[in-house]
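Here are some notes to read alongside the structure, for anyone meeting it for the first time. Take them in order, with the view open next to you.

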Amino acid sequence: MHNLSISVFGAGSWGTALAAVLARHGIDTVLWGRDAAAIDAMRATRRNTRYLGDIELPGSLQFTDSLAVAAARPQWLIVTPSHAFRELLEEPELRAARPDGVAWATKGFEPGSGRFLHEVAASMLTVGTPLAVVTGPSFAREVALGLPTAVTVHSDQSEFADQVAQCLHGPTFRAYTGNDMIGAELGGAMKNVLAVATGVADGMQLGLNARAGLITRGLNEMLRVCVAIGGKPETIMGLAGVGDLVLTCTGDLSRNRRLG
């Protein structure tokens, strides 16, 4: 897998962390960001001072603010916010490209339409382009530090899921695979609502009983919604659902929990 050439789109904390993981695993990786000054600073200092300023990035990791350079690589990993997902794919440089496979580690639905991101991607990329979603309990800072993390990669094409997982897989980063893109994307989006609710309950000092009740009954709702729209309950009972739910509802690095 180490002969692959991957572009990571999105130089926030999560995109930077995943690009660092790939580079550490010997993958030829370039990190794209829209802010030319920030990209130049990362290239010079080997640090993303805005998001992960105290963590040194691998020497082999490359940086670019050119969409043409990034889009020319055969494998893409998109790590933009969900509201920027379509906007990125609509860029002329990406529209003109023909990648061998596109994965994303973006959680949420498309604003306005409420569509799943795999539906958005399928509607905008060449028919037959392999697609995959990377999701699971993963705070960017801990991933960048090299702390043990497990995620899951779901795709309708098992070979592509395996390929993405092998790229991510390393001594402290475990990537599992599945074929339920609906369930995987649903879990990554719904847990945010419950994290805000749990943050509210904790902020009101309603106690640990209330937190456990919210998480457990919330998980039950996630299972029912997933089954109702054609996802698999076992996906929600795995890393994409309960794993991400527990992390986001209880970890103080969670922005949704802090918001609540």
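The points below go from the overall picture to the sheet, and then to the pocket and the cavities.

1. First, a word on what you are looking at: this is a predicted model. The chain has 14 helices and 8 strands. Its radius of gyration is 18 Å, close to the 18 Å that the globule rule gives for 260 residues, so the chain is as compact as a globular protein of that length. If you'd like a box to picture, the C-alpha atoms fill one of roughly 50 × 40 × 35 Å along the principal axes.

2. Now the sheet. It is an open one of 8 strands, and reading across it you get β3-β2-β1-β4-β5-β6-β7-β8, with mixed pairing. At the edges sit β3 (62–64) and β8 (173–178), each of which pairs on one side only. From one strand to the next, the twist averages 25°.

3. Helix α1 (residues 13–24) is worth finding next, as it packs on this sheet. The strands it touches are β1 (5–9), β2 (28–32), β4 (75–78) and β8. Compare directions and you'll find that α1 makes about 165° with β2.

4. For a look at one pair of strands, try β5 (residues 101–104) and β6 (residues 131–135). In which sense do these two pair? They run parallel, over 3 bridges. One spot to check by eye is V102, whose bridge partner in β6 is L131. As background, strands of a sheet pair through backbone hydrogen bonds, either parallel or antiparallel.

5. On to the largest pocket, with a volume of about 1,400 Å³. It is lined by 46 residues, and the ones closest to its centre are G12, S13, W14, Y51 and R255. Many parts of the chain join in: α1, α2 (36–45), α3 (49–52), α5 (85–89), α8 (140–145), α10 (181–203), α13 (239–250) and α14 (255–259) each give two or more residues to the lining. Which element gives the most? That is α2, with 5 residues. By class, the lining of this pocket has 18 nonpolar, 17 polar and 11 charged residues.

6. There are enclosed spaces too: the structure holds 2 cavities of 30 Å³ or more. The largest cavity has a volume of about 120 Å³. Of the 13 residues lining it, I6, W76, L77, A103 and V164 lie nearest the centre. At least two lining residues come from each of β4, β5 and α9 (158–168), and α9 has the largest share with 5. How does this lining divide by class? It has 10 nonpolar residues, 3 polar and no charged.

7. The second largest cavity holds about 40 Å³ of space. Its lining is made of T106, K107, G108, L117, V133, T135, A184, E185 and G188. Two elements, β6 and α10, give two or more residues to that lining, and α10 gives the most, with 3. Here the classes come out as 3 nonpolar, 4 polar and 2 charged residues.

8. A last pointer, if you want to tie the views together. Start from β6, which pairs with β5 and also helps line the second largest cavity. Then follow α10, which lines that cavity and gives residues to the largest pocket as well. Finish on α1, which packs on the sheet and is also among the elements that line the largest pocket.

Technical notes
Residues numbered from 1 in each chain as written. Predicted model: local features only at pLDDT ≥ 70, side-chain atom pairs only at ≥ 80, totals over all residues. Heavy atoms only, no water. Pairing = 2+ DSSP bridges. Helix = DSSP H or I, 4+ residues; strand = E, 2+ residues; numbered from the N terminus. Axes fitted to C-alpha atoms, helices over the stretch in contact; angles between N-to-C directions. Contact = heavy atoms within 4.5 Å. 1 Å grid on protein atoms, 1.4 Å probe; cavity = no way out; pocket = protein on both sides within 12 Å on 5 of 7 lines; lining within 4 Å. Points joined across faces, edges and corners; volume = space filled by probe spheres on them. Nonpolar A, V, L, I, M, F, W, Y, C, P; charged D, E, K, R; others polar. Rg over C-alpha atoms; globule rule 2.2 N^0.38 Å.
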